[in-house]
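Dear colleague,

I am handing over the structure below, and after it you will find notes on what turned up in it. Please keep the structure open beside the text as you read.

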Amino acid sequence: MDHQPTTSRTPWVVGITGASGTPYAAAVIRALLDAGEAVDLVVSRAARLTLLDETGLTFREAQWRSDVKAFIGRDEGDMVVWKENDFAAGPSSGSYPARGMLVVPATTASVAGIAAGLSKDLIQRAADVTLKERRPLVLVLRETPLRRVTLRQMADLADEGATVLPASPAFYAGARDVQQLVDFVAGRALDAIGVPHTLYTRWTGELGAARSRTEALGA
């Protein structure tokens, strides 16, 4: 794949693992690009199968630009795509200038690997680098119920500074369709890294206010 990163880029690394919930990843990537942020993308082999199953879309290394466009519904913008098994990739090194990382959706296997420092693929290695460099790491876990070992691993990661953000949509924001529920989770992930967005209507302390605003926008 054609990599043209420059020293002026300071991207957010986004890792997509094989958990169900690829629309969450699309919403996060789209919002990052809309906010003017650069993105370094790593898609696992299992994630490609999940993407095909959930959306009917493919992710091919030779045609990644067109496939990303179909996935997120817009041009790829300032994006670099790295191979899952490329341990010479930029995000594999702490000297590579990255703002932080989001793993969305995150499998329990990826959580376990990151917690144990296994670095068995580029997603785990980039997450390990993110933690050791004290950069923001957000793990959007999409699994239920959870084993005790996974809960312990999540607690360990939280102790190291990671944000463990289960994909838990909220209904108080007046969501009327599935995409709005997806956008809520994506918005919470962006909140965790301080990137501005307009993905959901925020709680104001007034019952029904979010629903009223959502309905007014749809009128």
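A crossing of two helices is called right-handed if the near helix is turned clockwise from the far one by less than a right angle, and left-handed if it is turned anticlockwise. In this model, which is a predicted one, α4 passes α5 in just such a right-handed crossing.

The two helices span residues 108-116 for α4 and residues 122-132 for α5, and their axes come within 9 Å of each other while crossing at roughly 45°, which makes α4 oblique to α5. On the α4 side the contact is made by Ala-109, Ser-110, Gly-113 and Ile-114, and on the α5 side by Gln-124, Ala-127 and Leu-131. Sorted by character, the residues of this contact comprise 4 nonpolar and 3 polar ones, with no charged residue among them.

The other finding concerns His-197, which is placed in the loop that runs between α7 (178-193) and α8 (209-218). Its relative accessibility is 16%, and because the cut-off for a buried residue is under 20%, His-197 counts as buried. A polar atom of the His-197 side chain lies 3.0 Å from the backbone oxygen of Gly-187, and a polar atom of that side chain also lies 3.0 Å from the backbone nitrogen of Leu-199. If the neighbours within four places in sequence are left aside, the residues in contact with His-197 are Gly-187, Leu-190, Asp-191 and Arg-202, so that Gly-187 appears both here and in the backbone oxygen pair described above.

With best wishes

Key
Residues are numbered from 1 along each chain as its sequence is written. This is a predicted model: local features need pLDDT of at least 70, side-chain atom pairs count only at pLDDT 80 or more; totals for chains, interfaces and linings use all residues. Side-chain values use heavy atoms; hydrogens and water are left out. Axes are lines fitted to C-alpha atoms, for helices over the stretch in contact, and angles run from 0 to 180 degrees between N-to-C directions. Helices (H or I, at least four residues) and strands (E, at least two) are DSSP runs, numbered from the N terminus. Angles under 35 degrees count as roughly parallel, over 145 as roughly antiparallel, 65 to 115 as roughly perpendicular and the rest as oblique. Contact means heavy atoms within 4.5 Å. Ala, Val, Leu, Ile, Met, Phe, Trp, Tyr, Cys and Pro count as nonpolar, Asp, Glu, Lys and Arg as charged, and the others, Gly among them, as polar. Buried means under 20% relative accessible area, exposed over 50%, partly exposed in between (1.4 Å probe, protein chains only). A polar contact is a pair of N or O atoms within 3.5 Å; within protein, one must be able to donate a hydrogen and the other to accept it, and residues adjacent in sequence count only if both atoms are side-chain atoms.
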